Amino acid sequence: MASTQAAPPHTEPEPVFADVIVPRHLAGPFTYTVPLSLRTTLRIGHRVLVPFGRSLLQGAVIALSQALPASFDRARLKEIQSLIPEETPTDVSSNLFQLSRRVAEQYVAPWGQCLRLVLPPAPKQRANVSRYELTEQGRAALVARKSFSVKVRALLTRLGRKPSGLRRSPGSTGTAELLEDFKIRGWVVEVQDQPLASTAPLTRLSRQMNQGNSGITTPLIPDTSTFWAGPLFEALRGQGPSRVLVQAPWGDRLRLLQYAIRLALDRGKAVLILVGEAERAQWVAELICNHETGISAACFHSGLSDQVKAELWDQIHRQVVRVVVGTRSAIFLPLTGIGVMWIEGEEDAAFKEAQEPRYHARDVAWLRAQDEQAVLVLSSSHPSLETRAAVGQRGVVVCKSIPFEDRPSVQVVDLRDHGHGAVLTQPLVRAIEQAMSRQAGVLLFLNRKGYAGALVCRDCGQVPRCPACRVALMYSRRASRLLCSYCGGGAPMPETCVSCSGPRMQLIGEGTERLEEEAKRLFPQAAVIRLDGDTLQRPAQAAALWRKVEQGEWDIIVGTQLLLRRGPLPRMGLVGIVQADAGLSMPDFRSAERTYHMLLDAVSLADTARHGGQVIVQTYLTSHHAIQAVAQNDESVFVVEELSHRAALGYPPTVYLIALLVSGSDEKMVRDAASAWVARLTASSSPSVARPAIPEKAPSTADSIGRPDRLTVLGPVPSPVSRLRGRYRWQILVKSLEREVGLEAVRVTVKEMERTYQRRVVKFDIDVDPIAEW
């Protein structure tokens, strides 16, 4: 008899929804349904593959829920496809996951874009390569020379000339068909070449790490020459996050770095060292390796191949590598248990990312140091004013100056007392002759490449400009053309002015090409080499030039700031700074600080005065505080004067800055959008700050400086480069006494602007704490 008991009703499992961020310029997360197979394993922080339009993207889960907002249509939601492949880590560490979120908040960038920073590098898949080799039958057919067609005979001949085989070209359909026919006939055999993995250097590195850093036995006794850095040692041995500014010559900083590494490793901690440039990072990594103490370091920078970066990232993730030297992106590496983060040359502009998200590695390092309870050391021979202010308020400062007897003599030459257009003045020429007579090296320093800065019409004053970028074209004598330093475009030298048709065209503002030419003219017997962005552009040529420098095959070096990016040059008997004030006229409030730091770097290359070391500074601005600070060897002359200027004009470290850029191909639309953004920013401030928006007229600087307002908006005005690669550019500057006030105003208003304008038509860029002009 059949049972009449009703079967239990079938119940569907409760649906689960996941919010996923993807690495795209999109503000919010996207909601997906979680498949049954993942409901028990999926958690926040997992990396997943999700359908996105026609693509399949890697994203990260930031929230899980069983409830769907009422405005969402469940039927339209897509399903998560899977976790990422099993051979890679499936989740981002919680610390790095939260760090990416904080970077998004601090730099007003989409979280998805910031997520890219902490994800492992994705090595490019290497496809197998097919080769076709002649068989014995194929060789017999080639020798027999039967009545083949012209194409068959030609292909057989090519195969016969290539014993290692012939690769099939993907674009040659006819050849591919013939090769397949040859295979059927038994004339060729197809051989698959397996791609070689570049793991040898990393395998050797991992052995060094396992053998060395885990078992340092040499006693750690501070050198008596480092007692001046006692507060740093206390911080390294203490608990909790701390920030230490170390200002000292390079040799002293290196000794402290080596000590900090050993102390951290002894305590079972990892060490992360950031350096501005890849070449210098490699050099620092080699310097800190010590086989006696068992210290070795890995170097991570953008110059590595994707495959090597992925393998190195994996070794760091598995805690095989515990000491890393890298450029700015290394701040996001998955090091665990960090004890020390060392920022070498903290004022280097290379620590600031130029593309979205425009983070500064120095400031992100402090965010991470607080999470990791680590010590952040900011190291430099001339720290930035912002770092001095930040660490001076909450941190530790240790300094060591260069003894007077270890400094060169410095002489300032007023260019106004010499002929107009003089590249090398008589005092500098005489000094070069004296240095060469005693076979002491000579460095002529000028931070401007090319032959001349610009070409100007002496009748109307106009200069030829790039038609796409609207910037003045630079003259290169080597190329015999006018060149654009932004887009690389060029134009021939005009015989007459394009504006007034006048014939009097004159080159102004000498560059390193002209300086090299002048040095060779005045000293024909000297071996002169030039180190700048043109001569060091090709790796082979750069390597040859550096080899000459190391082997001493030169009498005079002509160079720009690029020559400071590698290890230190030999001590110079004479350093001639040809135009010390060249950077002071730049439209940048940091121009004086950058000039001062550049001058100090150049002076540091000269030998001591007791060994005949001399520095000659040629300038039109002898009384400028950057020049006087170098001449008097007194840092306070510069710092006090510059800080007073910054406070009076309302610039960092007194206030916080956010630079905004509006760009597009329609000039009127860009201008209107920039004016509308200013109006929204002004309206978003507090009532005491808000003022009527006047789109046609930008607020004057005089009205904004010195006010007790919490928010000041300057602009909009055309960018210094008003047109770049066919796009018009207008800029806005936001000043705030409180950092969060400016950030919140920009966060709110940029969302409104992006909703109003299509992104491809008008683009809105944000640079928090800018260090360079747009």
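This report describes three parts of a predicted model: a five-stranded sheet, a pair of packed helices and one buried arginine.

## The open sheet

Five strands form an open sheet in which the order is 2-1-4-3-5 and the pairing is antiparallel. Strand 2 (30–33) and strand 5 (82–83) stand at the edges, and because each has a single partner strand, one side of each is left without a neighbour in the sheet.

For strand 5, the pairing is with strand 3 (residues 47–52), in the antiparallel sense and over two bridges. Within this pairing, V48 has L83 of strand 5 as its bridge partner.

## Two helices that pack together

Helix 1 (residues 94–106) packs with helix 11 (residues 361–372) at an angle of about 140°, and the axes of the two helices are 11 Å apart. Angles over 145 degrees would count as roughly antiparallel, and so, at its angle, helix 1 is described as oblique to helix 11. The crossing in which helix 1 passes helix 11 is right-handed.

On the side of helix 1, the contact is made by N95, L96, L99, R102, V103 and Q106, while helix 11 contributes V364, L367, R368, D371 and E372. Sorted by character, the residues of this contact divide into five nonpolar, two polar and four charged.

## The surroundings of R646

R646 lies in helix 18, which covers residues 635–649. Is R646 buried or exposed? Its relative accessible area is 2%, and because buried means under 20%, R646 counts as buried.

Leaving aside residues up to four places away in sequence, R646 touches L385, E386, F589, R590, E593, Y651, P652, P653 and T654.

Methods:
Residues numbered from 1 in each chain as written. Predicted model: local features only at pLDDT ≥ 70, side-chain atom pairs only at ≥ 80, totals over all residues. Heavy atoms only, no water. Helix = DSSP H or I, 4+ residues; strand = E, 2+ residues; numbered from the N terminus. Buried < 20%, exposed > 50% of the residue type's maximum accessible area, 1.4 Å probe, protein only. Contact = heavy atoms within 4.5 Å. Axes fitted to C-alpha atoms, helices over the stretch in contact; angles between N-to-C directions. Parallel < 35°, antiparallel > 145°, perpendicular 65-115°, else oblique. Left-handed = near helix turned anticlockwise from the far one by under 90°. Nonpolar A, V, L, I, M, F, W, Y, C, P; charged D, E, K, R; others polar. Pairing = 2+ DSSP bridges.
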